[in-house]
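Reader: I've got a model on my screen and a coffee in hand. Could you walk me through the bits worth clicking on?

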Amino acid sequence: MYQLISATPSPYARKVRIALIEKGIPFELRTEVPWHGDTATPAYNPLQKLPVLVLPSGAGIYESRFILEWLEVKHPEPPLLPDTKEDVLAARQVEVIADGICDAVVLLFFERQREAPSEPWIARQRRKVEGGVRALAERAEAADGGFLVAGRFGLADIAAGTALRYLAVRFAEFDWAAEYPALAAMSARLESRPSFAATTPVPQAITEKVV
Ligand SMILES: N[C@@H](CCC(=O)N[C@@H](CS)C(=O)NCC(=O)O)C(=O)O
């Protein structure tokens, strides 16, 4: 059976958990704090990050985008990518935006833990988060109550939904839902799907010094 090295707040790991559930692939969840010295991630991923999908052979497949790509090849049904090349590009563009939001939130989260956080750095990350959410909102408005790409649930919804819910965990002061009602409605619909409801992000205590 596959093992997934995951962390409870991680939007990247959540993308993979949702994809595995949607595809009906059994896996064992191995929950870690990747910022702690005892993390197993270096044994499987030279970049020392999670998520890592550990195969029965002991090999590690890492990086959420690549894991989803790998799953699509090895377990094509049900597909999480759309049928046409244009729609695949649209879905991947949403994933770029969603991952970019999460990357900026991670930078912001750790900057705030420094003794003297840099306000220009924080403002720069905030702009990325706000710009990314605005770009998702435009797509949600165009989708008019449906899924983000090609009218079918898939990668774009997984990426956007996990990024948006991560904001509540790490950047709750940004009330994006008040600003973008169509996006908020889309997020709520996604969170009620069984694969989302089973993977609601939960903060983790990071007890070792990171920055
Ligand atoms: N682009 C990566 C990001 C993964 C990532 O940043 N994971 C975090 C946990 S949410 C991590 O393991 N960080 C440990 C570190 O950077 O040292 C992906 O999509 O998998």
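Reader: Where does Pro51 lie?

Author: Keep in mind that this is a predicted model. The bond that leads from Leu50 into Pro51 is a cis peptide, with omega near 10°. As for its place in the fold, Pro51 sits in the loop between helix 2 (41–44) and strand 3 (52–54).

Reader: Which residue other than glycine in that loop has a positive phi, and is it buried, partly exposed or exposed?

Author: Look at Gln48, which lies in the loop between helix 2 and strand 3. Its phi is near 60°, a positive value in a residue other than glycine. The relative accessibility of Gln48 is 47%, and buried would need under 20% while exposed would need over 50%. So Gln48 counts as partly exposed.

Reader: And Asp144: buried or exposed?

Author: Asp144 is in the loop between helix 5 (119–143) and helix 6, and its phi is positive too, near 50°. Its relative accessible area is 68%, and the cut-off for exposed is over 50%. So Asp144 is exposed.

Reader: Which bond into Pro78 is cis, and in which loop is that proline?

Author: It's the peptide bond from Glu77 to Pro78, with omega near -15°. Pro78 is found in the loop between helix 3 and helix 4 (85–111).

Reader: On to the rings. How many aromatic pairs are there, and what is the geometry of Phe147 and Phe153?

Author: The count comes to six aromatic pairs, with ring centres within 6.5 Å as the rule. The centres of Phe147 and Phe153 are 5.8 Å apart, which fits that rule, and their planes are at 80°, where over 60 is what it takes. So the pair is edge-to-face.

Reader: Of those two rings, which is buried and which is partly exposed?

Author: Phe147 has 30% relative accessibility, so it falls between the 20% and 50% cut-offs and counts as partly exposed. Phe153 has a relative accessible area of 9%, and that is under 20%. So the buried one is Phe153.

Reader: What charged end sits over the ring of Phe153?

Author: The contact to look for is a charge over the ring, 3.6 Å from the centre of Phe153. The residue that supplies this charged end is Arg193.

Reader: Which residues form an aromatic cluster, and what lies over the face of Phe109?

Author: Trp35, Phe109 and Phe110 form one cluster. Over the face of Phe109, at 4.0 Å from the ring centre, lies Arg170.

Reader: Now the empty space. How many cavities of 30 Å³ or more turn up, and which element gives the most to the lining of the largest?

Author: Searching the whole structure finds two cavities of that size, and the largest holds about 70 Å³ of space. Helix 3 (64–74) and helix 6 (155–170) are the elements that give two or more residues to its lining. The top contributor, with four residues, is helix 3.

Reader: How does the lining of the largest cavity divide by class?

Author: Its lining residues include Arg65, Glu69, Glu72 and Arg92, along with Leu68 and Ile158. At least three residues come from each of domain 1 (2–74) and domain 2 (85–194). The split by class is five nonpolar, no polar and four charged.

Reader: Which helix gives the largest share of the lining of the second largest cavity?

Author: That cavity has a volume of about 60 Å³, and Phe153 is among the residues that line it, as are Leu80, Leu81 and Leu155. By class, its lining has nine nonpolar, one polar and two charged residues. The largest share, three residues, comes from helix 6.

Reader: And the largest pocket: what is its volume, and which residues are closest to its centre?

Author: Its volume is about 720 Å³. Of the 31 residues that line it, the closest to the centre are Tyr12, Trp35, Lys49, Leu50 and Val106.

Reader: Which helix supplies the largest share of that pocket's lining?

Author: Helix 1 (11–22), helix 3, helix 4 and helix 6 each supply at least two residues to the lining of the largest pocket. By class the lining has 18 nonpolar, five polar and eight charged residues. The largest share, seven residues, comes from helix 4.

Key. Residues numbered from 1 in each chain as written. Predicted model: local features only at pLDDT ≥ 70, side-chain atom pairs only at ≥ 80, totals over all residues. Heavy atoms only, no water. Phe/Tyr/Trp six-rings, centres within 6.5 Å; stacked < 30°, edge-to-face > 60°. Buried < 20%, exposed > 50% of the residue type's maximum accessible area, 1.4 Å probe, protein only. Lys NZ or Arg CZ within 6 Å of the ring centre and 35° of its normal. 1 Å grid on protein atoms, 1.4 Å probe; cavity = no way out; pocket = protein on both sides within 12 Å on 5 of 7 lines; lining within 4 Å. Points joined across faces, edges and corners; volume = space filled by probe spheres on them. Nonpolar A, V, L, I, M, F, W, Y, C, P; charged D, E, K, R; others polar. Domains from an automatic or database assignment.
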